[in-house]
Amino acid sequence: MGIVEAAHNVKIVGSGSGSGSGTGSGSGSQTIVLAHGFGTDQSVWKHLVPHLVDDYRVILFDNMGAGTTNPDYFDFDRYATLEGYAFDVIAILTELQVQSCIYVGHSVSAMIGSIASITRPDLFSKLILLSGSPRYLNDVDYFGGFEQEDLDQLFEAMQSNFKAWCAGFAPLAVGGDMDSVAVQEFSRTLFNMRPDIALSVAKIIFMSDMRHLLCHVTVPCHIIQSMKDLAVPVVVSEYLHRNIGGESIVEVMSTDGHLPQLSSPDVVIPVLLRHIRNNIVV
């Protein structure tokens, strides 16, 4: 296992996941990369993976800063922008000798994958963007869902008592039932993060503005979103659709919450599988 693979806890499962590299050349199976969002790790995909392993080679990994990664590897300068994470994705694909993949990015990883695809469009046959947003702050003629004072309060709460903040934020982000397994699961992975790293990552994400880059995304994009999401208003999916440079398609699901693959797998898994299997018809 290479250095990049080890640092990101890379796991390869499914069809053609043996020692052979490339796109699973032995079986001709396509490679799917599953990229998680803030406060989670690769375990957030646990309901989806079993549906993919028979037909695809599946690559899972943890973003640097996730509670499952070594905090000593977290370079605050490298991860001061989302580009640092995008270069990690490219490094993982390069080390695994992946020629082309279907990339499924949740939350911030939707934008991370988009940035990576601008640098290396050849590596991505399509992007599936789940609960992604190019900007969380409201702006003139743009509704991101948050005012600056909302974010200032959020960062202040994270800094003053991280454990208490996690306990309050998890049910809001997941939505639905406060005592659900999904809320407990998200609380666990969120609290696993080192508090100073979590605060830094949250600031980079919530203060980011990727709107100017969307026109450079030429890989086909499948935009999937919950009807109700604390972090991403439903109008954001339409904004992405209008501003992405290449072909795109939008599907808004009847789900509640920012982590629908965890909280409503029965609804989300069939939708994801459909977008993985079917391309945009122009």
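This passage describes charge pairs, cysteines, surface patches and selected distances in a predicted model.

Side chains of opposite charge can pair when their charged atoms come close. In the present model, 10 salt bridges were found. One of them joins Lys46 to Glu185, with a separation of 4.0 Å between the closest N and O atoms. Lys46 belongs to the loop between β2 (30-35) and β3 (56-60), whereas Glu185 belongs to helix α6 (residues 181-191); the pair therefore ties together parts of the chain that are 139 residues apart in sequence. The two partners were also assigned to separate classes of accessibility. Lys46 is partly exposed, because its relative accessibility is 40% and the partly exposed class lies between 20% and 50%. Glu185, in contrast, has a relative accessible area of 13% and is buried, because this value is under 20%.

A further salt bridge connects Asp256 with Lys228, at an N to O distance of 3.9 Å. Asp256 is located in strand β7 (residues 248-256) and Lys228 in strand β6 (residues 221-228), so that this contact links parts 28 residues apart in sequence. For Asp256 the relative accessibility is 28%, which places this residue in the partly exposed class. Lys228 is exposed, because its relative accessible area of 55% is over the 50% limit of that class. The position of Lys228 was additionally compared with that of Ala157. These residues are 71 positions apart in sequence, and their C-alpha atoms are 24 Å apart in space.

Arg194 and Asp196 likewise meet through their side chains in a salt bridge, for which the N to O distance is 2.8 Å. Both members of this pair were examined for accessibility. Asp196 has a relative accessibility of 38% and is counted as partly exposed. Arg194, at 35%, is also counted as partly exposed. Elsewhere in the model, salt bridges link several residues into a network, which consists of Arg135, Asp139, Asp209 and Arg211.

The cysteines were considered next. A disulfide is a covalent bond between the sulfur atoms of two cysteines. The search of the whole structure returned 0 disulfides. Cys215 illustrates this result: the nearest cysteine sulfur belongs to Cys221 and is 12 Å away, so Cys215 is in no disulfide, given that a disulfide requires two sulfur atoms within 2.5 Å. The relative accessibility of Cys215 is 46%, and this residue is accordingly counted as partly exposed. Cys166 is buried, because its relative accessible area of 3% is under 20%.

Two patches on the surface were also examined, one charged and one nonpolar. The negative patch is made up of Glu147, Glu149, Asp150 and Asp152. Among these residues, Asp150 is placed in helix α4 (residues 148-160). Its relative accessibility of 33% puts Asp150 in the partly exposed class. This value also agrees with the membership of Asp150 in the patch, because patch residues must have over 30% relative accessible area.

The nonpolar patch comprises Phe143, Met227, Val234, Val235 and Val252. Together, these five side chains' residues present about 420 Å² of accessible area. Val235 is one of the members and is found in helix α8 (residues 235-243). With a relative accessibility of 44%, Val235 counts as partly exposed.

Finally, the positions of Leu262 and Gly2 were compared with those of residues elsewhere in the sequence. Leu262 lies in helix α9 (residues 260-263). Leu262 is buried, because its relative accessible area is 8% and the buried class covers values under 20%. The C-alpha atoms of Leu262 and Trp45 are separated by 7.4 Å, although these residues are 217 residues apart along the chain. Gly2 is situated in the segment before α1 (3-7). The relative accessibility of Gly2 is 21%, and Gly2 is counted as partly exposed because this value is not under the 20% limit for buried residues. Gly2 and Thr81 are 79 residues apart along the chain, and their C-alpha atoms are separated by 24 Å.

Note on methods
Residues are numbered from 1 along each chain as its sequence is written. This is a predicted model: local features need pLDDT of at least 70, side-chain atom pairs count only at pLDDT 80 or more; totals for chains, interfaces and linings use all residues. Side-chain values use heavy atoms; hydrogens and water are left out. Patches are made of residues with over 30% relative accessible area and no salt bridge: like charges are joined within 9 Å, nonpolar side chains (Val, Leu, Ile, Met, Phe, Trp, Tyr) within 5 Å. Accessible areas come from the Shrake-Rupley method with a 1.4 Å probe; for residues, only the protein chains shown count as cover. Lys and Arg count as positive and Asp and Glu as negative; His and the chain ends are not counted. The place of a charge is taken as NZ of Lys, CZ of Arg, CG of Asp or CD of Glu. Helices (H or I, at least four residues) and strands (E, at least two) are DSSP runs, numbered from the N terminus. Buried means under 20% relative accessible area, exposed over 50%, partly exposed in between (1.4 Å probe, protein chains only).
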